[in-house]
Amino acid sequence: MLKINNLTKRFGGLAAVNNVSIEFEANKINAIIGPNGAGKSTFFNLVAGAMPPTEGTIEYQGMNITGMACDRIARLGIARTFQTTMLFEESTVLDNLIVGHRLRTQSRLWDVIINSRRLRDEEAKCRARAQEVLDFVGLSHIGHRITADISQEEKKRVAFALALATDPELVLLDEPAGGINPEETENLAGLIRKMVDHGVTVCLIEHKMDMIMSLADKIMVLDHGEKIAEGTPEEVRNNPVVIEAYLGS
Ligand code: ADP
Ligand code: MG
């Protein structure tokens, strides 16, 4: 699904991601862990095309997507959520999803001018899809509510729904369980499993070790931009280098 070769991103003198190579398989939950500043979010930024790498290549489903623009990468089926959930707080949950979907499938201006019927069809499709993903994340009953009034966990679910709206094959989740309690975290983990059951491949950054260890098929450990370990939760947990650099600290 994803094959990363010698990926490096430098910001001035700092190598935020340093010569990382890794493969993530389809239909699995792949996790990335590591201390703050290890380069995890930068890694996602590179895969999603938010910024070009300094060196190295990114292959997605056998395609070289290195340096491609983020909207093109999104259309190829890679979606993401951000560490800080960004929603229109004053709008309803459903409107957040409709706007998000519209931004991602935006018609060209010419279509808007000459083909308003097609636009109306798209509008209806957006709305239907928004309702569908809201259903999938278990929030069909709160579509009409103002986003500012829903719980933190519900906002996380809305962010998942936003990512799923474009029907992606690979979803990058950046610390989805930040700021929610253990029970909510368990619920969210269930939703991540459900995504994989429906054929989505997940790549997950998370600090909550219990969640990672029970959820992940494969873990990559980053430290100071470098991959210091990869393997199953069992392998990573027992890796002395990891214990030294991360778990023990
Ligand atoms: P993590 O997500 O693992 O906490 P990040 O990928 O956010 O780490 O950051 C890795 C390092 O790269 C940090 O030292 C951070 O300050 C730096 N960094 C991240 N993004 C940028 C940027 N756009 N410009 C300059 N430095 C950055
Ligand atoms: Mg981060």
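In which sense do strand β1 and strand β4 pair, and over how many bridges? Strand β1 (residues 2-11) and strand β4 (residues 55-60) pair in the antiparallel sense, over five bridges, where two strands count as paired if DSSP finds at least two bridges between them, and where helices (H or I, at least four residues) and strands (E, at least two) are DSSP runs numbered from the N terminus.

Before going on, a word on the source: this is a predicted model, in which local features need pLDDT of at least 70 and side-chain atom pairs count only at pLDDT 80 or more, while totals for chains, interfaces and linings use all residues. Residues are numbered from 1 along each chain as its sequence is written, and chains are lettered from A and ligands numbered from 1 in the order in which they are written.

Let me stay with that antiparallel sheet. It is an open sheet of four strands in the order β2-β1-β4-β5, and because β2 (14-24) and β5 (63-64) stand at the edges with a single partner strand each, one side of each is left without a neighbour in the sheet. Between β1 and β4, Leu2 stands opposite Tyr60, and Asn5 has Thr57 as its bridge partner. On the other side of the pairing list, β1 and β2 run antiparallel and are joined by seven bridges, with Val20 of β2 as the bridge partner of Leu7. The hairpin of β1 and β2 has two residues between the strands, and Gly12 in this hairpin takes a positive phi near 60°.

One residue of β4 can serve as an example, namely Glu55. Glu55 has 15 C-beta neighbours inside 10 Å and so counts as partly exposed; the scale here calls a residue buried if 20 or more other C-beta atoms, placed from the backbone, lie within 10 Å of its own, exposed if 12 or fewer, and partly exposed in between. Not counting residues up to four places away in sequence, Glu55 touches Asn6 and Thr8, a contact meaning that the two C-beta atoms, placed from the backbone, lie within 7 Å. The C-alpha atoms of Glu55 and Leu7 are 5.7 Å apart, although their positions lie 48 residues apart along the chain.

I turn now to the parallel strands. Strand β8 (residues 201-205) has five of its five residues buried, so it is largely enclosed by the rest of the structure. Thr201, Cys203 and Ile205 point one way from β8, whereas Val202 and Leu204 point the other way. Strand β3 (residues 29-33) runs parallel to β8 and is joined to it by four bridges, with Ile29 having Val202 as its partner. Strand β7 (residues 170-174) also runs parallel to β8, here with five bridges, and Leu173 stands opposite Leu204. Together β7, helix α7 (residues 182-197) and β8 make a right-handed β-α-β unit, right-handed in the sense that, with the strands pointing away from the viewer, the path from the first strand over the helix to the second runs clockwise.

Within β7 we find Asp174, which is buried because 23 other C-beta atoms lie within 10 Å. Residues up to four places away in sequence aside, Asp174 touches several residues, including Ser41, Phe44, Arg80 and Ile205. Ser41 and Phe44 belong to α1, where they are buried; helix α1 (residues 40-48) is mostly covered, with nine of its nine residues buried, and just after it Gly49 takes a positive phi of about 80°.

Finally, the overall division. The chain is divided into domain 1 (1-77 + 169-249) and domain 2 (87-167), with bounds from an automatic or database domain assignment. Nine residues of domain 1 are in contact with nine residues of domain 2, and the largest share of the domain 1 side, four residues, comes from α7.

The largest nonpolar core has 66 residues, and Val47, Ile78, Leu97 and Val202 are among those with the most contacts inside it; such a core is a set of buried Ala, Val, Leu, Ile, Met, Phe, Trp, Tyr and Cys residues joined through C-beta atoms within 7 Å. Helix α6 (residues 152-164) gives the most to this core, with seven residues, and the core draws at least three residues from each of the two domains.
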